[in-house]
Amino acid sequence: MDLAEATEKLLRDALPTLLRELTADADGLTGLSCLAPGADSVFAEAVLDAGGTLAVVLPFHDYRNSLADPAVRDRFDRLVAAASEVTALPYPEASLGAFEAANSALLKRADALVAVWDGQPPAKGGGTAATVAEARASGLPVQVLWPAEARRG
């Protein structure tokens, strides 16, 4: 989240190559995502564009209605409709715990983590930095993607 618009384009350009590299010896591609605005959604689109399948983990029941921007909500709806699986965690509303649980649920199913991350710690806890640390601690391979010209929004 919080990516500059130009950074999303950089990610759309870089992700296909990274996904091909990660799946060169695999029988297919399944991408796992929470579909947060920004990198999560760009990743999900790249997975689908590569012919992969998409599995979605929603951090809480009413996640869709928490998306205020109609364009973000439309993108979310398209991705959910294209997903082969959608799981909503049993949290009633947005909270740090719900987001951390969703990230942990993704990591439990993943063979590798693709983290769009500038390497900076989060301003308010959790987030990509915590997910990368959790993945590394569990021995899960981590690919950090942050193109040279990438910027936060």
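## Close-up views of a predicted model

Residues 24 or more positions apart account for 70% of the contacts in the chain with a separation of 6 or more. The model is predicted. The views below begin with the whole chain and then turn to cores, helices and single residues.

**Figure 1. The whole chain holds 5 helices and 5 strands.** From the N terminus, the elements run α-β-α-β-α-β-α-β-α-β. The C-alpha trace spans about 40 × 35 × 30 Å along its principal axes. The radius of gyration is 15 Å, which agrees with the value near 15 Å for a compact globule of 153 residues. Of the 153 residues, 40% count as buried. The chain exposes about 8,400 Å², and carbon and sulfur atoms supply 51% of that area. There are 13 positive and 21 negative charges. The mean positions of the two sets are 3 Å apart.

**Figure 2. The largest nonpolar core has 17 residues.** Leu113, Val132, Ala135 and Leu140 touch the most other members. At least two residues of this core come from each of strand E2 (53-58), helix H4 (96-109), strand E4 (113-116) and helix H5 (127-137). A second core, separate from this one, has 14 residues. Its members include Leu3, Leu19, Ala46 and Val116. In soluble globular proteins, nonpolar side chains tend to be buried together.

**Figure 3. Val132 is among the residues that touch the most other members of the largest core.** Leaving aside residues up to four places away in sequence, Val132 touches Leu113, Ala115, Trp117 and Val142. Leu113 is also one of the residues with the most contacts to other core members.

**Figure 4. Thr131 sits in helix H5.** Is Thr131 buried or exposed? Its relative accessibility is 10%, so Thr131 counts as buried, the cut-off being under 20%. Beyond residues up to four places away in sequence, Thr131 touches Asn103, Leu107 and Leu113.

**Figure 5. Helix H2 is mostly covered.** How many of the residues of H2 are buried? The count is 8 of its 11 residues. The buried set is Ala39, Ser41, Val42, Phe43, Ala44, Glu45, Ala46 and Val47. Glu45 and Ser41 thus appear in the list beside Val42, Phe43 and Val47. What do the buried residues of H2 pack against? Their partners are helix H1 (5-22), strand E1 (30-33), E2, helix H3 (70-82) and E4. Ala46, one of the buried residues of H2, also belongs to the second core. Just after the helix, Gly51 takes a positive phi of about 85 degrees.

**Figure 6. Ser41 belongs to helix H2, residues 39-49.** Ser41 counts as buried because its relative accessibility is 3%, against a cut-off of under 20%. Which residues does Ser41 touch, not counting those up to four places away in sequence? They are Leu35, Ala36, Arg75 and Leu79.

**Figure 7. Leu22 is placed in helix H1.** With a relative accessible area of 34%, Leu22 is partly exposed. Residues up to four places away in sequence aside, Leu22 touches Val114 and Gln143. Leu22 and Ala112 are 90 residues apart in sequence. In space, C-alpha to C-alpha, Leu22 and Ala112 are 8.3 Å apart.

**Figure 8. Asp77 lies in helix H3.** Asp77 is partly exposed, at a relative accessible area of 27%. Asp77 and Leu35 are 42 residues apart in sequence. The C-alpha to C-alpha distance between Asp77 and Leu35 is 9.8 Å. Leu35 also touches Ser41 of the Figure 6 view.

**Figure 9. Ala94 is in the loop between strand E3 (85-88) and H4.** Its relative accessibility is 44%, so Ala94 counts as partly exposed. Ala94 touches Phe60 and Phe99, not counting residues up to four places away in sequence. How far apart in space are Ala94 and Val42, C-alpha to C-alpha? The distance is 22 Å, and Ala94 and Val42 are 52 residues apart in sequence. Val42 is one of the buried residues of H2.

How values were computed
Residues are numbered from 1 along each chain as its sequence is written. This is a predicted model: local features need pLDDT of at least 70, side-chain atom pairs count only at pLDDT 80 or more; totals for chains, interfaces and linings use all residues. Side-chain values use heavy atoms; hydrogens and water are left out. Helices (H or I, at least four residues) and strands (E, at least two) are DSSP runs, numbered from the N terminus. The radius of gyration is taken over C-alpha atoms; the globule rule is 2.2 Å times the number of residues to the power 0.38. Buried means under 20% relative accessible area, exposed over 50%, partly exposed in between (1.4 Å probe, protein chains only). Contact means heavy atoms within 4.5 Å. Accessible areas come from the Shrake-Rupley method with a 1.4 Å probe; for residues, only the protein chains shown count as cover. Lys and Arg count as positive and Asp and Glu as negative; His and the chain ends are not counted. The place of a charge is taken as NZ of Lys, CZ of Arg, CG of Asp or CD of Glu. A nonpolar core is a set of buried Ala, Val, Leu, Ile, Met, Phe, Trp, Tyr and Cys residues joined through side-chain atoms within 4.5 Å.
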